[in-house]
Amino acid sequence: MAATTNGNPTEDAAREFACSLGTLIAEIRRQRGWSLEDLANEAGRHRTYFGLVERGERHLSVASAYRAAKALGFSLSDLVHLAETPFSNHAVHPQNRAIPPDAARREDIVRKITGLHKTWVPQAIEATHQIVDRIDRQLIRSGSPPLVEVVELANLSAIIGNLLRETLAKGSNGRYINNEPHTYPDLISPMGDAEGLEIKIALETNKPKGHLPKPGPHLTCRYVLADHAGNYSRHERGNVVWIWEARLGELSEKDFSLSNTPGDSGKTAVIKTDSLDRLDCIYFDSRFLPYAKTRPGHN
């Protein structure tokens with residue numbers, strides 16, 4: 001910000017902030033793949049108006065700033081905070097990252113194993129993304145990098161797993177609750193009318209693993225690191241978590257291989273590639289495929 005006089009922003013400082021707000025709106029709009037017309041339609045103003053705002057030739061009123069913020073999926077306070085913070089090196093997340101309508105699949109398998117609708121897992125994934133976005137906004141507000149740049153990848157997977165477990169429990173309509181920490185399985189039935197469900201998380205093409213081979217129903221999820229607009233390349237990592245795949249099914253002890261991976265505490269039980277592929281794919285977001293070609297269940 002520019003200098004102040006007697007503790008009050010000068011005219012130059014106020015003009016600088018207004019221009020920063022317009023620039024931020026333009027940045028978020030482009031990240032979402034929106035045209036000026038799209039933003040204008042969502043916010044109920046003319047596209048010429050927002051064109052002037054983004055170029056710094058006109059300043060937003062409070063009412064128009066509120067409309068623009070809501071159209072882009074932010075609260076007005078979040079948008080103002082971001083405009084006051086350098087954002088060129090940070091992800092700028094909308095409040096909602098919608099799941100593609102064709103990502104959910106195999107309702108028969110989901111109902112057979114969990115008794116729930118096929119949208120249960122996609123909705124939990126969407127909620128997990130939103131929680132990560134809120135964490136990132138708080139970090140960025142305080143001057144820190146986003147979560148992906150703060151924690152090690154092994155710890156990041158554990159964090160994503162814990163968040164997903166929580167959103168799955170909340171979205172299960174009481175069918176599942178969280179088990180005690182570090183206790184198998186991760187989700188249990190409070191009424192005892194369903195088998196428990198173990199959740200495994202891995203990055204990109206890595207195979208999910210745990211400390212011991214644990215037979216029973218498993219939900220495996222894998223994620224990639226793309227950018228805030230959902231742009232992804234197999235050869236580059238962004239700083240935004242996007243869960244790209246979920247598989248569901250029964251595993252036995254023979255579906256795991258034991259290994260001593262450097263950095264792990266003792267032996268680990270890794271799900272074998274063939275066993276992972278045999279699990280039914282119940283969620284697939286084709287935008288983020290980290291393989292050169294699709295795997296079984298993706299088509």
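## The four-stranded sheet

In this predicted model, four strands form an open sheet in the order 5-7-8-11, with mixed pairing. Strand 5 (198–203) and strand 11 stand at the edges, and because each has a single partner strand, one side of each is left without a neighbour in the sheet. From one strand to the next, the twist averages 20°.

Strands of a sheet pair through backbone hydrogen bonds, in either the parallel or the antiparallel sense. For strand 8 and strand 11 the pairing is antiparallel and extends over four bridges, and Arg-247 has Cys-281 in strand 11 as its bridge partner.

## Helices lying across the sheet

Two helices may be described by the strands that they cross. Helix 6 (residues 107–114) lies across strand 7 (216–226), strand 8 and strand 11, and runs at about 65° to strand 8. Helix 9 lies across strand 5, strand 7 and strand 8, with a direction at about 140° to strand 5.

Helix 9 covers residues 153–170, and its 18 residues reach 26 Å from the first C-alpha to the last, close to the 26 Å expected at 1.5 Å a residue. An α-helix has 3.6 residues a turn, so residues three or four places apart point the same way. The buried residues of helix 9 include Leu-156, Ile-160, Leu-163, Leu-164, Thr-167 and Leu-168, and among them are also Ser-157, Gly-161, Arg-165 and Ala-169.

## Aromatic pairs and charges over rings

The count of aromatic pairs comes to six. One of them joins Trp-244 and Phe-284 in an edge-to-face arrangement, with 6.2 Å from centre to centre and 75° between the planes. This pair links distant parts of the chain, since Trp-244 belongs to strand 8 (residues 240–251) and Phe-284 to strand 11 (residues 280–284), with their positions 40 residues apart in sequence. Trp-244 counts as buried because its relative accessibility is 0%, and Phe-284, with a relative accessible area of 5%, is buried as well.

Ring pairs also link Tyr-232, Trp-242 and Phe-288 into a cluster. Two arginines lie over tyrosine rings: the charged end of Arg-45 sits over the ring of Tyr-49 at 3.9 Å from its centre, while Arg-295 lies over the face of Tyr-291, 5.1 Å from the ring centre.

## Surroundings of Leu-289

Leu-289 is found in the segment after strand 11, and it counts as buried because its relative accessibility of 16% falls under the 20% limit. When neighbours within four places in sequence are left aside, Leu-289 is in contact with Tyr-232, Arg-234, Trp-244, Phe-284, Thr-294 and His-298. These contacts include both Trp-244 and Phe-284, the two residues of the edge-to-face pair described above, and also Tyr-232, which belongs to the ring cluster with Trp-242 and Phe-288.

A further relation concerns Ser-233, which is 56 residues from Leu-289 in sequence, whereas their C-alpha atoms are 8.9 Å apart in space.

## The chain as a whole

The protein chain has 10 helices and 11 strands, and buried residues make up 47% of its 299 residues. Among contacts between residues at least 6 apart in sequence, 58% join residues at least 24 apart; the ring pair of Trp-244 and Phe-284, whose members are 40 residues apart, links distant parts of the chain.

Technical notes:
Residues numbered from 1 in each chain as written. Predicted model: local features only at pLDDT ≥ 70, side-chain atom pairs only at ≥ 80, totals over all residues. Heavy atoms only, no water. Phe/Tyr/Trp six-rings, centres within 6.5 Å; stacked < 30°, edge-to-face > 60°. Buried < 20%, exposed > 50% of the residue type's maximum accessible area, 1.4 Å probe, protein only. Lys NZ or Arg CZ within 6 Å of the ring centre and 35° of its normal. Expected span 1.5 Å × (residues − 1). Pairing = 2+ DSSP bridges. Axes fitted to C-alpha atoms, helices over the stretch in contact; angles between N-to-C directions. Contact = heavy atoms within 4.5 Å.
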